[in-house]
Amino acid sequence: MSNRIKHILLLVLALSFGSLVTAQETQNVNWEAQKIKGVRPLPDAVYNGSPFLNDSWLPGKIEFADGEIADSIYMKYSSFKDELIYFNKTISAQIMIDKASLNGFSFADKNNKMRVFRKQHFDGFMKGDRYFEVLADGETDLLAYRKVNMNGVAPYHDVNGILKNMEYSTDYQFYFYTPEKGYNSVRLNRSAFLAKFVKTDQKPIKKLLRKNKIFILDEDSFIDAWKTIEKEGFKVVF
Amino acid sequence: MKKIIIILLFLILYSVAANAQKTPGFGLFTDRDIYVSGETLLAKIYIPEANSSRIIYLDLVNRYGTRISGVPLEIRNSQADGFLILPDSLSTGNYLLRTYQKHNAGKQMVMREIWISNRFDEPGKTIEMNRVENLNKIQEKESNQISIEGIEQQYQINQPFGSNIKINPTFLNEIDGELIVSVAQTDPSFAADAFLLQSDSGNDGMPEKRGIILSGIVTDKKTNEAATNITVYLTIPDTVPGFQYYNTKKDGRFYFLLDKYYGSVEAVIQCFGNTPDQRLKISLDDLFAAAGELPEFRQEPIQETFRNNTVRNIDAVTFQKVFAQKQIILNAPVLTNQKTYPYYGKATETVDPQLFIDLPDFTEISRELLPGVKFRNYNNEPTLQVLNSQLRYFFEEAPLLLIDGIPIRDLNVIKDMGTSDIDRVDICRSERFYGDLRFPGVVAIYTTKSDYPMLSESDQLIRLTLETIQETVSLAETNIPEPNIPDLRQVVYWNPKVKPAENISVKCSISSVQGLYKIIVRGKLKDGTLFFSEKQFEVK
């Protein structure tokens, strides 16, 4: 008897859950994904190195220029072209998304680290809209332009045995940025980092870094250093 | 067993509690109860806090359930306000103003009865009115926490009017959302009520969480069955055309989201068969709810004072029309993010044929003015191809061809278009994508007339005027250019978005229409109770 009641209860719960689910806007789950505008990208030449930041397709979000967000888009960021390419499963096509239609994008990389890219106008050499990776977001942002260049090298045989004399090499550029003051380029080393502050601040900054045991050796430690210093209220001189 | 009984009890209590919360919080108010055909009705709607839709509908039906007009309104902070233009052709009688969210219109709907007199009807022709009865009346509580000060018993016509509304500070904390303050003509012989219609029957539809959902079904004309895997296109022609598509599933249904459009928009809905001989039919769902169950009416004789007031109102409205006095002003929505481009992409090249020598047809235009576009009309079989500039060859397939943003496949439509017909041509010389759609090049023709007359309506192409989210509106200020022209407003103040404060100042000027007027403050408490406070005065 009790088992029967249990079954009836379960059935009632399942039915009520079902009716709740049907009440949702299920007919077109991702209306935004329809809006992706783009063009067929030309394949990149095969050289040593990679033109992409991430060689595999990773699911991520894109933010359209109107602020709406489309989720679960399989994407690759072409550092060489500074363009975002996504894979459309329905039509099995790689599509280079129009930069003008996006505000930015984000995805979790292989190490599950969230990578956030923002489209910003760059007013230095080679003016135009670029995707910058946001390394630290605050009053002053720390941005990275993940550029990959094609450089001439000594002749070599590629994986297919073809003689090549070019390769893709990274040329990442880092900037401090505020909307009012613009971009301030910075290199990833301790002295270049300290040079971005007024002389009187440099000593306490050194002390602070020592206290927090931060040694600027790579990108991650550089970001840590900046986040620690910014928290203490030190300002970058533009 | 005990556990099961406890669970059952919990479920029963939960459902009772959920039902108990449904009733309070609904409110539908209008600027007046009595109207004349051709006038504008102003309305404010209060919606319970837990609503899942962004859109609420306001429509007018006669007592037989025939819909006369309707508008979708945007819900902001569980409130909405808007207007309805009462057509000139309405016959004299009682009408029902309805408000509902489409996904559960069958289950919950608020109605308010109003009276409309036809301007051209003979006075005294109608001797009886029909009043709603046996319905769940929405209760309003008169509040003594609000005092309306500075009101005189009598005012002269065209005299300035001022009042101060004082709200008790403790009561202020209980108010939910904004208040409505109105100063309008009133007739004590006809006091309209609002009713809540609730039913457990009917299915829940798709809540319009983000905007209006336009839906319909595509059927195969041969088999009369739902057509699967058909792409349905919605185009809203404009300088930057709006475009959406939907791929039908087994049920043949399609859905379009209209979340960024305001006011009336022209739209084209079309589909193409998967094979050249497949004939389809698009059937659109009604944008508004069906008539549903109608209330019962009882007949009442029309009182003499009501008849006299109606005659006076008809005269006022007639003169208002003669002097073209506006009742309302539309406030266009603030548009952000103007940097947009068409769905087919930024044009590789835009050509304005008007800047060149007159050319008689599209073959000549493509040959002389459109680089990378090959339009040929050999043996009256036109073909169109676009160059893929990246790979430097012509696409083998036909490109996306648009006229004023509307996709067309029949090239005969454009073959005779000459310079005088074309305003500009956008060309995309690359393989473009929009969502799941692939365009092997794009040729977008924008006509000088922008009325795409060459596209004939069929079962596969529907042209319609869509009522999208209504723009916000404010009451027109008095603007009488000459002193001898009377000011014929019957509503002299209407503000449905008054922020609650301890002191609210109301300033306006009385019109030239004599009679009884009321200043009313209305609102909703956090527990859903509707309240009001009012004062009456006379204009002589």
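**A walk through the predicted two-chain model**

Leaving aside residues up to four places away in sequence, B:Leu464 touches B:Val265, B:Glu266, B:Ala267, B:Ile269 and B:Leu284. The structure shown is a predicted model, and this set of contacts is a convenient place to enter it. B:Leu464 belongs to strand β33 of chain B, which covers residues 461-467. One of the residues touched, B:Ala267, stands 197 residues away from B:Leu464 along the chain, yet the C-alpha atoms of the two are separated by 5.4 Å. Is B:Leu464 buried or exposed? B:Leu464 counts as buried because its relative accessibility is 18%, and the limit for buried residues is under 20%.

From this residue of chain B we can turn to chain A as a whole. Chain A contains four helices and 13 strands, and of its 238 residues, 44% are buried. When the contacts of chain A with a separation of 6 or more are considered, 52% of them are accounted for by residues 24 or more positions apart. The area that chain A exposes is about 13400 Å², and carbon and sulfur atoms supply 55% of that area.

On the surface, A:Arg190, A:Lys203, A:Lys206, A:Lys207, A:Arg210 and A:Lys211 form a positive patch. Which element supplies the largest share of this patch? The largest share, five residues, comes from helix α3 of chain A, which spans residues 199-211. A:Lys206, one of the patch residues, has its place in this helix α3, and with a relative accessible area of 32% A:Lys206 is partly exposed.

Charged residues also appear in pairs, and side chains of opposite charge can pair when their charged atoms come close. Over all chains the count comes to 45 salt bridges. In chain A, a salt bridge joins A:Asp109 to A:Arg115, with the closest N and O atoms 3.2 Å apart, and both A:Asp109 and A:Arg115 are buried.

Chain B offers further examples of such pairing. B:Arg32 and B:Glu39 form a salt bridge in which the closest N and O atoms are 3.0 Å apart; B:Arg32 counts as buried at 4% relative accessibility, and B:Glu39 is buried as well, with a relative accessible area of 1%. Another salt bridge runs between B:Arg54 and B:Glu74, whose closest N and O atoms are 2.9 Å apart. This pair links distant parts of the chain, since B:Arg54 lies in the loop between β3 (40-46) and β4 (55-62) of chain B, while B:Glu74, 20 residues apart from it, lies in strand β5 (residues 67-74). Both B:Arg54 and B:Glu74 are buried. Salt bridges that share partners also build one network, which joins A:Lys35, A:Asp66 and A:Glu68 with B:Arg210, B:Asp259 and B:Lys260.

The last stop concerns the backbone in two loops. A:Ser92, although not a glycine, has a positive phi of about 50°. A:Ser92 is found in the loop between β4 (83-88) and β5 (93-97) of chain A, and A:Ser92 is exposed, with a relative accessible area of 54%. In chain B, B:Asn77 is likewise a residue other than glycine with a positive phi, here near 55°. The loop between β5 and β6 (79-85) of chain B holds B:Asn77, which counts as exposed at 64% relative accessibility.

Note on methods:
Residues are numbered from 1 along each chain as its sequence is written. Chains are lettered from A and ligands numbered from 1 in the order in which they are written. This is a predicted model: local features need pLDDT of at least 70, side-chain atom pairs count only at pLDDT 80 or more; totals for chains, interfaces and linings use all residues. Side-chain values use heavy atoms; hydrogens and water are left out. Patches are made of residues with over 30% relative accessible area and no salt bridge: like charges are joined within 9 Å, nonpolar side chains (Val, Leu, Ile, Met, Phe, Trp, Tyr) within 5 Å. Accessible areas come from the Shrake-Rupley method with a 1.4 Å probe; for residues, only the protein chains shown count as cover. A salt bridge is a side-chain nitrogen of Lys or Arg within 4 Å of a carboxyl oxygen of Asp or Glu. Lys and Arg count as positive and Asp and Glu as negative; His and the chain ends are not counted. The place of a charge is taken as NZ of Lys, CZ of Arg, CG of Asp or CD of Glu. Buried means under 20% relative accessible area, exposed over 50%, partly exposed in between (1.4 Å probe, protein chains only). Contact means heavy atoms within 4.5 Å.
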